[in-house]
Amino acid sequence: MDKQALQQLMRTLAFAARKHRDQRRKDIEASPYINHPITLADILVNEGGVTDRETLIAALLHDTIEDTDTTAEEIASEFGLVIAGLVMEVSDDSSLSKLERKELQIRHAPDLSHKARLVKLADKIANLRDIDQSPPADWSLQRKQAYFDWAKAVIDGLRGTHEGLEAIFDAAYRKRPEG
Ligand code: NDP
Ligand code: ZN
């Protein structure tokens, strides 16, 4: 990796860590939120063999607009319009209800760009693994199952993107909790 790419990645990590610094995941231990975007980048590089710089940067930033005060304009001025566009592609519209957001993710999956699809795949892999290994404290069996099925419906809409990551998603889905 050239020096400029390394600098950009480290700058992205520092930016994401700062933006998520007061957030925690929903697991019992309330893990630091930044673990999650780092996990996406780890899945992409070390399990999917993805080395595309824009995809990895978008993965590290993927929840900043949706879950923090970060704006698309801020991402654009720090990282450029292409990265801002990718992060917007994988961000839900927070003015909509949770139910509408869930339906739109399924409906829009086939329209996502290739790089956004890779981020989506890594996000769903990470979240299914989290629900299997360190689930939100108060989730019922039915809620976990519903999440697994919704995630599969999203991923089924973007198949043909990356064989390896799709197989990894399918392996994670096979851990769907049973009663
Ligand atoms: P949420 O969308 O509220 O929570 C899931 C999201 O939380 C994940 O996509 C992930 O998002 C993030 N997250 C943080 N920590 C964890 C973790 N440890 N494991 C997994 N994910 C984590 O949940 P639902 O999709 O279940 O609910 C959507 C709506 O439906 C809610 O408003 C809820 O009240 C309602 N509801 C649904 C039920 C059901 O059976 N599905 C039952 C009761 C209510 P990210 O990648 O952005 O971090
Ligand atoms: Zn996420």
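Here are some notes on the pockets, salt bridges and a few individual residues of this model.

1. Before anything else, keep in mind that this is a predicted model. Local features were taken up at pLDDT of at least 70, and side-chain atom pairs at pLDDT 80 or more.

2. Start with the largest pocket, which holds about 1,000 Å³ of space. Its lining runs to 39 residues. If you want to find the centre, look for R25, K26, N127, W139 and Y147, the lining residues that lie nearest to it.

3. Which helices build that lining? At least two residues each come from α2 (35–47), α4 (64–67), α7 (98–108), α8 (114–133) and α9 (141–156). Helix α8 gives the largest share, with 9 residues.

4. On chemistry, the lining of the largest pocket splits into 17 charged, 12 nonpolar and 10 polar residues. Among the residues nearest the centre you can see R25 and K26 as well as W139 and Y147.

5. The second largest pocket has about 180 Å³ of space and a lining of 14 residues. Nearest its centre are E89, S91, D92, Q105 and H108. Helices α6 (81–89) and α7 each put in at least two lining residues, and the largest share, 4 residues, is from α7. By class, you get 6 nonpolar, 5 charged and 3 polar residues here. Note that α7 also supplies at least two residues to the lining of the largest pocket.

6. Now the salt bridges. As general background, side chains of opposite charge can pair when their charged atoms come close. The count for this model is 12 salt bridges, and I'd go through three pairs and one network.

7. R11 pairs with E78, with 3.5 Å between the closest N and O atoms. R11 sits in helix α1 and E78 in helix α5 (residues 72–79), so this salt bridge ties together parts that are 67 residues apart in sequence. How accessible are the two partners? R11 is partly exposed at 39% relative accessible area, and E78 is partly exposed too, at 35%.

8. R129 and E47 form a salt bridge with an N to O distance of 2.8 Å. Because R129 belongs to helix α8 and E47 to helix α2, the pair ties together parts 82 residues apart in sequence. Both α8 and α2 are on the list of helices that line the largest pocket. R129 has a relative accessible area of 27%, so it falls in the partly exposed class, and E47 is partly exposed at 35%.

9. E54 and K115 are another pair to look at, again 2.8 Å from N to O. The link joins distant parts of the chain, with E54 in helix α3 (residues 53–61), K115 in helix α8 and the two positions 61 residues apart. E54 counts as partly exposed at 29% relative accessibility, and K115 likewise at 26%. Helix α8 therefore holds one partner of this pair, K115, and one of the previous pair, R129.

10. Some of the salt bridges join up: K152, D156, R159 and D170 are linked in a network. When you have the structure open, pick out those four side chains together.

11. On the surface, M1, L6 and M10 make a nonpolar patch of about 350 Å². Is M1 buried or exposed? M1 is exposed, with a relative accessible area of 71%, where the cut-off for that class is over 50%. M1 comes in the segment before α1 (3–19).

12. Have a look at the backbone of A30. Its phi is positive, about 50°, although the residue is not a glycine. Where does A30 lie? You'll find A30 in the loop between α1 and α2. A30 is partly exposed, at 31% relative accessibility.

13. Last, A171, which is in helix α10 (residues 163–173). A171 is partly exposed, with 35% relative accessible area. How far is A171 from K19? The two are 152 residues apart in sequence and 32 Å apart in space, C-alpha to C-alpha.

Terms used
Residues are numbered from 1 along each chain as its sequence is written. Chains are lettered from A and ligands numbered from 1 in the order in which they are written. Side-chain values use heavy atoms; hydrogens and water are left out. On a 1 Å grid over the protein atoms alone, a cavity is a set of points where a 1.4 Å probe fits but cannot get out, and a pocket is an open set with protein on both sides within 12 Å along at least five of seven lines; lining residues have an atom within 4 Å of a point. Grid points are joined across faces, edges and corners, and a volume is the space filled by probe spheres set on the points. Ala, Val, Leu, Ile, Met, Phe, Trp, Tyr, Cys and Pro count as nonpolar, Asp, Glu, Lys and Arg as charged, and the others, Gly among them, as polar. Patches are made of residues with over 30% relative accessible area and no salt bridge: like charges are joined within 9 Å, nonpolar side chains (Val, Leu, Ile, Met, Phe, Trp, Tyr) within 5 Å. Accessible areas come from the Shrake-Rupley method with a 1.4 Å probe; for residues, only the protein chains shown count as cover. Buried means under 20% relative accessible area, exposed over 50%, partly exposed in between (1.4 Å probe, protein chains only).
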